[in-house]
Amino acid sequence: MQDARRGPLRVARWTGLEPATPGVTGRYSNRLSYHRALTRRDRRPGVGGVIGALRGRVKRAAAADLAAAPRGAMMAGGRGLGRAPGTEAAMLERLGTPGHETISTPDAEVLALLGRIAAAEPDPVFYEIGVGVGATTLPAARILDNRGRIVLFSREKDVRELAADLAALGFRNVDAAWGSPGATYSGYHFELARGFLAGALPPFDLAFLDGGHVFHLDAGAAAILKELCKPGGHILFDDYHWSLARSPTMNPAARPQTAKDYDARQIEAAQVEMVCRAIMDTDPRFRLERLAGSTAVYRRVAP
Ligand SMILES: C[S@@+](CC[C@H](N)C(=O)[O-])C[C@H]1O[C@@H](n2cnc3c(N)ncnc32)[C@H](O)[C@@H]1O
């Protein structure tokens, strides 16, 4: 169904910041939007539609994938994405729908880098930490084309639903074992530590940290990710400049609970930047390669 060895990706160009997404902690992202879908120069007809895409086109890409999915991948009684009867609201169907606009845009930096890695590595390992509705996961899966492994960290229900959608599309390389429960202090930071200490997580080529964007989650996550990063591998931090104060939905005026959960300094701080400066920039094994818009790209330069 897919052929990941089809040549380089052409990446869309940035056009500006989008407003944050309404909703619960972590469902915000001051994403850069861009014009052009990610395409392959030698895309062949019938291979399954565009990879990733613009807001609005993403859903159509998922639909094209569905159309191209082998019959055996569809589950009888499901709504077309392989869900068991009665199982509600899969992830990929939310792409581009109202309320999910700002998490319906794939991260271009991640996909461009993953494309380069996939051209060089036979079995790349990609971690996505914070999956949203799968806007980046779907094109990432198409790039890897069932090679290597995609390891997902997010709330367990989201990971489960997204992995089921991807399985229905024929992707067999998704590890859905690392979802976290919905308790207040549960999260990907804990699952990463747990998996690392058990020796159960594979070293990765590329990790995309795009979760809660707050220090108490992302500092721990970064500390573990550093140990799991292959020499030459990359860790990408989304929303480097984001703050609770600047978030249209998380600022205390819009969400009074924020003023109870965080003190005034935490509300003002760019907490992802704090993580990068405290955990990444102080580690000589890592180098900040570039700050691409709101995405900080770190590379492991020493064992
Ligand atoms: C901005 S969205 C991710 C968008 C996605 N990476 C993409 O490119 O489309 C942030 C995600 O982090 C998840 N998240 C936030 N806090 C979390 C926590 N403590 N544990 C697990 N997942 C969390 C949210 O549920 C949401 O799925």
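## Overall composition

The protein contains nine helices and 11 strands. The model is predicted. Of the 303 residues in the protein, 49% are buried. Among contacts with a separation of 6 or more, 67% join residues that are 24 or more positions apart.

## The seven-stranded sheet

Seven strands form an open sheet with mixed pairing, in the order S7-S6-S5-S8-S9-S11-S10. The edges are occupied by strand S7 (174-175) and strand S10 (286-292); each has a single partner strand, so one side of each is left without a neighbour in the sheet.

Strands of a sheet pair through backbone hydrogen bonds, in either a parallel or an antiparallel sense. Strand S5 (residues 125-129) and strand S6 (residues 149-153) are paired in the parallel sense, over five bridges. Within this pairing, Tyr127 has Val151 of S6 as its bridge partner.

## Helix H6 across the sheet

Helix H6 (residues 215-228) lies across four strands: S5, S8 (204-209), S9 (229-237) and S10. Relative to S8, the helix runs at about 170 degrees.

## The nonpolar core

The largest nonpolar core comprises 66 residues, of which Leu114, Leu152, Ala207 and Leu209 touch the most other members. Helix H2 (residues 108-120) makes the greatest contribution to this core, with seven residues.

Which residues are in contact with Leu209, leaving aside its neighbours within four places in sequence? They are Ile129, Asp218, Ala221, Ala222, Leu225, Ile235, Leu236, Phe237 and Asp238.

Methods. Residues numbered from 1 in each chain as written. Predicted model: local features only at pLDDT ≥ 70, side-chain atom pairs only at ≥ 80, totals over all residues. Pairing = 2+ DSSP bridges. Helix = DSSP H or I, 4+ residues; strand = E, 2+ residues; numbered from the N terminus. Contact = placed C-beta atoms within 7 Å. Axes fitted to C-alpha atoms, helices over the stretch in contact; angles between N-to-C directions. Core = buried A, V, L, I, M, F, W, Y, C linked by C-beta atoms within 7 Å. Buried ≥ 20, exposed ≤ 12 C-beta atoms within 10 Å, placed from the backbone.
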